[in-house]
Amino acid sequence: MAGRFEIHHVGDESYRLRLTDAEGNIVAVSPNFKSLNTVLDGVKAMRENAATGIVVDLRQQEA
């Protein structure tokens, strides 16, 4: 089974997106979205960016 995007209703007017792996472990949690359309836009953006995103190692910059 692949990972999945989970949409959760938060309070009365917000939504949150969780990305889980195949075992159900939470990989990422979004900030709150004001509408269902914006959370769906967030899913689309995560799909597009994850497929083409580069890894940036910032450990050397930490001091």
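Start the tour by selecting Ile7, which is partly exposed at a relative accessible area of 40%. You're looking at a predicted model, so treat everything along the way as computed. Ile7 belongs to strand E1, which covers residues 4–10.

Keep Ile7 on screen and add Leu36 and Leu40. Together, Ile7, Leu36 and Leu40 make a nonpolar surface patch of about 240 Å². Show the surface here if your viewer allows it, and colour those residues to pick out the patch.

**Zoom out to the whole chain**

Switch to a cartoon view for a moment. What pattern does the chain follow along the sequence? Reading along, you get β-β-β-α, with three strands and one helix in the chain.

Now turn the model around. The C-alpha atoms fill a box of roughly 40 × 30 × 20 Å along the principal axes. The radius of gyration is 14 Å, whereas a compact globule of 63 residues would come in near 11 Å. How much of the chain counts as buried? That would be 14% of the 63 residues.

While you have the full surface up, note that the accessible surface of the chain comes to about 5200 Å². Carbon and sulfur atoms own 52% of that area. As for contacts with a separation of 6 or more, 16% of them are between residues 24 or more positions apart.

**Back to strand E1: the charged network**

Next, select Arg4, Glu6 and Arg18 and show their side chains. These residues are linked in a network of salt bridges. Click on Glu6, and look at each partner in turn.

The Glu6 side chain meets that of Arg4 in a salt bridge, at 3.0 Å from N to O. Glu6 also forms a salt bridge with Arg18, where the closest N and O atoms are 2.9 Å apart. That second pair links distant parts of the chain: Glu6 sits in strand E1 and Arg18 in strand E2, twelve residues apart.

Is Glu6 buried or exposed? Glu6 has 13% relative accessibility, so it counts as buried. Its two arginine partners are another matter: Arg4 counts as partly exposed at 46% relative accessibility, and Arg18 is partly exposed too, with a relative accessible area of 26%.

**Along strand E2 to Thr20**

From Arg18, move on to Thr20. You're still in strand E2, which takes in residues 14–20. Thr20 is buried, because its relative accessible area is 5% and the cut-off for buried is under 20%.

Which residues does Thr20 touch, leaving out those up to four places away in sequence? Select Gly3, Arg4, Glu6, Asn25, Ile26 and Val27 to see them. Arg4 and Glu6 should look familiar, as both belong to the salt-bridge network you just left.

**Last stop: Asp57 and Arg59**

A search of the whole structure finds three salt bridges, and there is one still to visit. Jump to Asp57 and Arg59 and show their side chains. The closest N and O atoms of this salt bridge are 2.4 Å apart.

How open is this spot? Arg59 counts as exposed, at 60% relative accessibility. Asp57 is partly exposed, with a relative accessible area of 43%. For a final view, put this pair on screen alongside Glu6, which counts as buried at 13% relative accessibility.

Terms used. Residues numbered from 1 in each chain as written. Predicted model: local features only at pLDDT ≥ 70, side-chain atom pairs only at ≥ 80, totals over all residues. Heavy atoms only, no water. Helix = DSSP H or I, 4+ residues; strand = E, 2+ residues; numbered from the N terminus. Buried < 20%, exposed > 50% of the residue type's maximum accessible area, 1.4 Å probe, protein only. Contact = heavy atoms within 4.5 Å. Patch = residues over 30% accessible without salt bridge, like charges linked within 9 Å, V, L, I, M, F, W, Y side chains within 5 Å. Areas by Shrake-Rupley, 256 points an atom, 1.4 Å probe, with all protein chains shown as cover. Salt bridge = Lys/Arg side-chain N within 4 Å of Asp/Glu carboxyl O. Rg over C-alpha atoms; globule rule 2.2 N^0.38 Å.
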